[in-house]
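Work through the following exercises with the sequence and the model in view. Each task is followed by its solution in steps.

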Amino acid sequence: MFERPTGQDLFGILRLATYAVAMRDEDLIPDGIAQRFRGFLPVVVDVETAGFDAQRHALLEIAAVIIRMRPDGLLEPAQTLACHVLPFVGSEIDPRALAFNRIDPDHPFRDAVSEQDALNRVLTPIRRTVKSTGCNRAILVGHNAHFDLGFVKAAVERTGFKRNPFHAFSVFDTVTLGGLAFGQTVLAKASKAAGMQWLHSEAHSAIYDAEQTARLFCTIVNRWYELDPVKYWERGPEGMNEMIVDSN
């Protein structure tokens, strides 16, 4: 697992050190993010792979950024979880994919782990956070999110990993959100339109792309939060029913 130092990054976002903490039942207090997305915890995921086919091509990197809600109702990236991954036995590697993401699967300093270990390091803390925030499931946020979800699901199936925290098919896709908010569907262009810095030298690293996607997602959702006077999600089921009755 990658470890990040504490302190602020170049975007001024506070980065927390990550470590496992045993949670007690009395610590599991639902927060506002469970209400915001109908019980779903948004988690940004980016994978770097050896091709486009999740059944045949190797998963090489996975990174996930858990999203949290501040007391003022705005979202921000929280914990980043990431691993280099060993190609599974029998997997195929497309040289064109490696030329694109600049990954050398045989590099001695990759410190890669098996798919089983990678899923345990990444998905187990996500499942713990789903519970601690009072959510029901995690929902994958990604740029072309079904690509990332497909590789996660394929790895889960291959390894027999139990209790995958992600919804089986629903996602939040920043391609759509970026097109809506900024008229841009390419991650680099949408990020720049949102006022974020983009470093081409860091792109196509799972960590960098996941953290940039997390910032983009939070920026778009936070802008909507500040502009929307109604905030339907804060009314709860009873408030929504009252609105429907009033409108009739």
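A nonpolar core is a set of buried Ala, Val, Leu, Ile, Met, Phe, Trp, Tyr and Cys residues joined through side-chain atoms within 4.5 Å; buried means under 20% relative accessible area, with a 1.4 Å probe and protein chains only. The model is predicted, so local features need pLDDT of at least 70, side-chain atom pairs count only at pLDDT 80 or more, and totals for chains, interfaces and linings use all residues. Residues are numbered from 1 along each chain as its sequence is written, and side-chain values use heavy atoms, leaving out hydrogens and water.

**Exercise 1.** Find which residues of the largest nonpolar core touch the most other members.

Solution. Step one: the core holds 52 residues, and those touching the most other members are Val-43, Val-45, Ile-62, Leu-75, Ile-126 and Phe-166. Step two: strand β4 (residues 59–69) gives the largest share, eight residues; strands (E, at least two residues) and helices (H or I, at least four) are DSSP runs numbered from the N terminus. Step three: apart from this core lies another, of eleven residues, including Phe-182 and Trp-198.

**Exercise 2.** Place strand β6 (residues 137–142) among its neighbours.

Solution. Step one: five of the six residues of β6 are buried. Step two: β6 pairs with strand β3 (residues 40–49) in the parallel sense over five bridges, where pairing takes at least two DSSP bridges; Leu-41 stands opposite Ala-138 of β6. Step three: four bridges join β6 to strand β7 (residues 166–173), also parallel, and Leu-140 stands opposite Val-171 of β7.

Conventions. Buried < 20%, exposed > 50% of the residue type's maximum accessible area, 1.4 Å probe, protein only.
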